[in-house]
Amino acid sequence: MSYTMGEIEITELRKLTTFIQEKFDYNFKDYAMSSFRRRIKRMLDLYKLQTVDELIHILNTKEGFFEEFVSELTVNVTEMFRDPTFWRVLREHIIPNIMLNHNKISIWHAGCSSGEEIVSMSIVLDEMGILDKAKIVATDIDRSIIAKAKEARYPLKHMEVNRKNYLRYQGKYSLEKYYTEVGSEAVINKALLENVSYRKHDLVQGSVFSKFDLVLCRNVMIYFNQTLQNQVLHRLHESLFKYGYLVIGSKESLIWCDIAHKFIVVNNEEKIYKKIKD
Amino acid sequence: MVKEIHLTNKYKAVVIGGSAGSFQPMVQILSSIPREFPLPIFLCLHRLKHVRHGFVEALSIKSQKDIIEPMDKESIKKGVVYLAPANYHMAVELGNSVSLNTEELINNSRPAIDITFESAAYVYRDKLIGILLSGANKDGAVGMQKIKYRKGLTIIQDIEESMINAMPLAAKNIVEIDYELKVDEIIAFLLKLNKIYQQ
């Protein structure tokens, strides 16, 4: 068990983030340190490395390793219909509100991970009969996870949680309607995801690339410190049409961001905000 | 036993973990600590992931303390009790705030005691008191190890008294625990600690 005591010090993390910034132009220095440290520790264990310096050495010398690093660093744990009550509010209030004045809807999943949230959204829209009116953009910092999201194949053993969430969401049918079992995987029906476009995008350093009626960025900013949360919120704000909606995770808050006053709280329980000022 | 424990006012925080069989002890502890108890307390108790409400309320009924489920990056205040919310891990962040995350389940749990304990040990070092109560798996054992490694104080609930002793036992098996105490003794310990701070 000696490896569990190979503790990483904050100075080593600073050295790593500085190196990455200089070499790859990615900014990790404003990530929430407790989680960042644990991810790095996990990576040292995975690659059987003793020190952060060894990790830096590999990053510096091994071609293509950085992408793998980003992939390991990013937390890609999610579920379909996570927080079922949120999805009900979305179906009953938010989407109908957007559709009052529009005959189409544009949605951005910022930090889409392996795509479970996109599947959930598509099912919601499909069951509302407006899937063909939707333009969905899904982005993530991790190229390999986007590929996974695109494939939309999920281990059958994960589907139990997803089915339970769907039941709590009180969907029209059963989740099985939307996938086919192939071997040990649930393969999501391709037609469901026809209106989704995927792209690699870094919330921290990427630019504002479009405007949306609805932006979902749930449990993504929790990996950032407050400085970075604030900065990212500016980007999300710019990416919303006036009176568009922003959704964050159920335990996230905007109150300490300097542009909090440009939003109003639509649903505090589910952390749904509406942009009221440009 | 508590009489013999030598205490100082160097401590900055308390972390408490528990699972099956820890609810009653937890209520007892929280109802016995006076409102002026100065240290922040971080609670990580295993709980159902889809039940977001009711837990804080249940723990608060008999307690004089402010018990909250923090928002991500909420500032840590003296004397407040922070309960890890459903389906999130709760960590202590350098710079005096609490952070939440949705990383993988650990020991089949989210929130996981190991994460709360380990992050608190990292931040508070030898100024942390870790208490592990009854429970049915081994979550918290590695966390206790980290607290010990940083020279904090480690306490487990008495093995005989624990309704389900797998959890305190798992910690005992890998760490040289400082004290094994009955719930009444844990309370006496915390009251004694409080007295030192009120002097």
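What share of the 199 residues of chain B count as buried? In this predicted model, the share is 61%. For chain A, with its 278 residues, the corresponding figure is 54%. These two values offer a friendly way into the structure, and the paragraphs below take each chain in turn.

Chain A is built from 9 helices and 10 strands. Its C-alpha trace extends about 55 × 50 × 30 Å along the principal axes. A compact globule of 278 residues would be expected to have a radius of gyration near 19 Å, and the value for chain A, 20 Å, agrees with that expectation. The contacts within the chain can be described by how far apart the partners lie in sequence. When contacts between residues at least 6 apart are considered, 75% of those in chain A join residues at least 24 apart.

The surface of chain A can be described just as briefly. About 12400 Å² is accessible, and carbon and sulfur atoms account for 51% of that area. As for charge, chain A carries 40 positive and 37 negative side chains. The centres of these two sets are 4 Å apart.

A good place to look inside chain A is strand 7, which covers residues 212-217. Because 6 of its 6 residues are buried, strand 7 of chain A is largely enclosed by the rest of the structure. Strands in a sheet are held to one another by backbone hydrogen bonds, in either a parallel or an antiparallel arrangement. Strand 7 of chain A pairs in the parallel sense with strand 1 (residues 105-110) of chain A, over 3 bridges. It is also joined to strand 8 (residues 240-248) of chain A, again running parallel, by 5 bridges. One residue of strand 7 can be followed through both pairings. A:V215 is the bridge partner of A:W108, and A:V215 also stands opposite A:L246 in strand 8 of chain A.

Chain B contains 6 helices and 10 strands. The C-alpha trace of this chain spans about 40 × 35 × 30 Å along its principal axes. Here too the globule rule fits: for 199 residues a compact globule would have a radius of gyration near 16 Å, and the 15 Å of chain B agrees. Of the contacts in chain B with a separation of 6 or more, 71% are between residues 24 or more positions apart. The exposed area of chain B is about 7800 Å², with 53% supplied by carbon and sulfur atoms. Its 24 positive and 22 negative charges have mean positions 4 Å apart.

The strands of chain B include an open sheet of 7 strands with parallel pairing, arranged in the order 3-5-2-1-8-9-10. Strand 3 and strand 10 (179-181) of chain B are the edge strands of this sheet, each pairing on one side only. Further in, strand 8 (residues 128-132) and strand 9 (residues 153-157) of chain B run parallel and are joined by 4 bridges. Within that pairing, B:L132 has B:I156 in strand 9 of chain B as its bridge partner.

One residue of edge strand 3 of chain B deserves a separate look. B:I67 lies in this strand, which covers residues 67-68. With a relative accessibility of 8%, below the 20% cut-off, B:I67 counts as buried. Beyond its neighbours within four places in sequence, B:I67 is in contact with B:L30, B:V56, B:L59, B:S60 and B:V81. The C-alpha atom of B:I67 is separated by 9.7 Å from that of B:F42, which is 25 residues away along the chain.

Antiparallel pairing appears in chain B as well, in a hairpin formed by strand 6 and strand 7 with 3 residues between them. These two strands, covering residues 89-93 and 97-101, run antiparallel and are joined by 5 bridges. B:H89 stands opposite B:N101 in strand 7 of chain B. In the turn, B:G95 has a positive phi of about 90 degrees. Strand 6 of chain B is mostly covered, with 5 of its 5 residues buried. Its side chains divide between two directions: B:H89, B:A91 and B:E93 point one way, while B:M90 and B:V92 point the other way. All of these residues are buried.

Key:
Residues numbered from 1 in each chain as written. Chains lettered and ligands numbered in written order. Predicted model: local features only at pLDDT ≥ 70, side-chain atom pairs only at ≥ 80, totals over all residues. Heavy atoms only, no water. Rg over C-alpha atoms; globule rule 2.2 N^0.38 Å. Buried < 20%, exposed > 50% of the residue type's maximum accessible area, 1.4 Å probe, protein only. Contact = heavy atoms within 4.5 Å. Areas by Shrake-Rupley, 256 points an atom, 1.4 Å probe, with all protein chains shown as cover. Lys, Arg positive; Asp, Glu negative; His and termini not counted. Charge placed at Lys NZ, Arg CZ, Asp CG, Glu CD. Pairing = 2+ DSSP bridges.
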